[in-house]
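Thank you all for making time this morning. I would like to walk you through one chain, going from its overall layout into its sheet and then to a few individual residues.

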Amino acid sequence: MEFSSKLLENAVNEMSQLPGIGKRTALRLVLHLLRQPEHQTFQLSDALSKVRAEINFCRSCHNISDKELCEICANPNRNEALICVVEDIRDVMAIENTSSFKGLYHVLGGKISPMDGIGPQDLNINSLVEKVKSGQVKELIFAMSPTMEGDTTNFYIFRQIQDYDVETSTIARGVAAGNELEYTDEITLGRSIIDRVPFEASLKS
Ligand SMILES: [Zn+2]
């Protein structure tokens, strides 16, 4: 692609770093931004800089948060003995949308995937195991996507905590294999949490 401006080329190159954005789409987006009122483009770049520089992760559940403790963890009406283990922040958002879960979350930040070089040490697993050891948790609900990596991750965590006094369950698999939680409709996802099954029973099926 030949550019008449170095500035334009630079902006297109940066934009095309985003997932799913090729050079042509990047060019279309940059030209769109140039046609917009100037303040609108500055608001966008300001929001991106701010989210990058100022975002925090909750020290307890690793959810994205503006404060040290996220709003969910800080809410005294949530049941801290019930923890839903999820892969990433999008899963928290999806489950919160169902309004059918009143416990807390633990965001792992991914799933164990040897193919991608992601091992247990790359995920927020230790802090989860520590929570279980402290005795504050009565039940862990595994809500990972029903993929091989999700199952491997569940099983790894289960092995770490099975000697402690904690129940483990997994969300009902009405959700078709390979589906991501965030794409499941709210009613199905809400039901799958209510209809959760003991984790060990799910291993035999
Ligand atoms: Zn939190």
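Before we look at any strand, let me fix one term: a residue is called buried if 20 or more other C-beta atoms lie within 10 Å of its own, and exposed if 12 or fewer do. Please also keep in mind that what you see is a predicted model.

With that cut-off in hand, we can take strand β4, which covers residues 103-107. In this strand 5 of the 5 residues are buried, so β4 is largely enclosed by the rest of the structure. I will come back to the neighbours of β4 in a moment, but let me first step back to the whole chain.

The protein chain has 9 helices and 7 strands, and its C-alpha trace spans about 65 × 35 × 35 Å along the principal axes. Of its 205 residues, 24% count as buried. If we consider contacts with a separation of 6 or more, 55% of them are between residues 24 or more positions apart. The chain is divided into domain 1, residues 6-54, and domain 2, residues 76-204, and the C-alpha centres of domain 1 and domain 2 lie 35 Å apart.

Next, a span that carries an annotation. An unreviewed UniProt entry places a "zinc finger region: C4-type" at residues 58-73. In the model, the end C-alpha atoms of residues 58-73 are 8 Å apart, and the span is 19% helix and 12% strand. One residue to look at here is H62, which sits in the loop between β1 (56-57) and β2 (64-65). H62 has a positive phi of about 70° although it is not a glycine, and that deserves a remark because most residues other than glycine have a negative phi. H62 is buried, with 22 other C-beta atoms within 10 Å.

Now to the sheet, which is open and has 5 strands in the order β4-β3-β5-β6-β7, with mixed pairing. The edge strands are β4 and β7, the latter at residues 197-198, and each of them pairs on one side only. So what is the sense of pairing as we cross the sheet, given that strands pair through backbone hydrogen bonds, either parallel or antiparallel? Starting from the β4 edge, strand β3 (residues 79-86) pairs with β4 in the parallel sense over 5 bridges, and V85 stands opposite H106 in β4. Moving on, β3 and β5 are also parallel, over 4 bridges, with V85 opposite F142 in β5. Then β5 and β6 pair in the parallel sense over 4 bridges, where I141 faces S169 in β6. Finally, β6 (residues 167-170) and β7 run antiparallel and are joined by 2 bridges, with V197 in β7 as the bridge partner of T170.

Two connections in this sheet go through a helix. β3, helix α5 (residues 89-98) and β4 make a right-handed β-α-β unit, and β5, helix α7 (residues 148-161) and β6 make a right-handed unit as well. In the loop between α5 and β4 we find S99, which has a positive phi of about 55° although it is not a glycine. S99 is exposed, with 9 other C-beta atoms within 10 Å.

Let me turn to what packs together. The largest nonpolar core has 28 residues, and those with the most contacts inside it are I83, C84, V85, V86, Y105, I141 and A143. The elements that give two or more residues to this core are β3, α5, β4, α6 (126-133) and β5 (139-142), and β3 gives the most, with 4 residues.

I would like to end on a pair of residues, V85 and L140. Leaving out residues up to four places away in sequence, V85 touches a list of residues that includes H106, L108, L128, L140 and I157. L140 has its place in strand β5 and is buried, with 26 other C-beta atoms within 10 Å. Beyond its neighbours within four places in sequence, L140 is in contact with I83, V85, V166 and T168. How far apart in space are L140 and V85, which are 55 residues apart in sequence? From C-alpha to C-alpha, L140 and V85 lie 6.8 Å apart.

Key: Residues are numbered from 1 along each chain as its sequence is written. This is a predicted model: local features need pLDDT of at least 70, side-chain atom pairs count only at pLDDT 80 or more; totals for chains, interfaces and linings use all residues. UniProt positions are given in the numbering used here, feature names are shortened, and annotations may be inferred rather than shown by experiment. Domain bounds come from an automatic or database domain assignment. Two strands pair if DSSP finds at least two bridges between them. A crossover is right-handed if, with the strands pointing away from the viewer, the path from the first strand over the helix to the second runs clockwise. A nonpolar core is a set of buried Ala, Val, Leu, Ile, Met, Phe, Trp, Tyr and Cys residues joined through C-beta atoms within 7 Å. Two residues are in contact if their C-beta atoms, placed from the backbone, lie within 7 Å.
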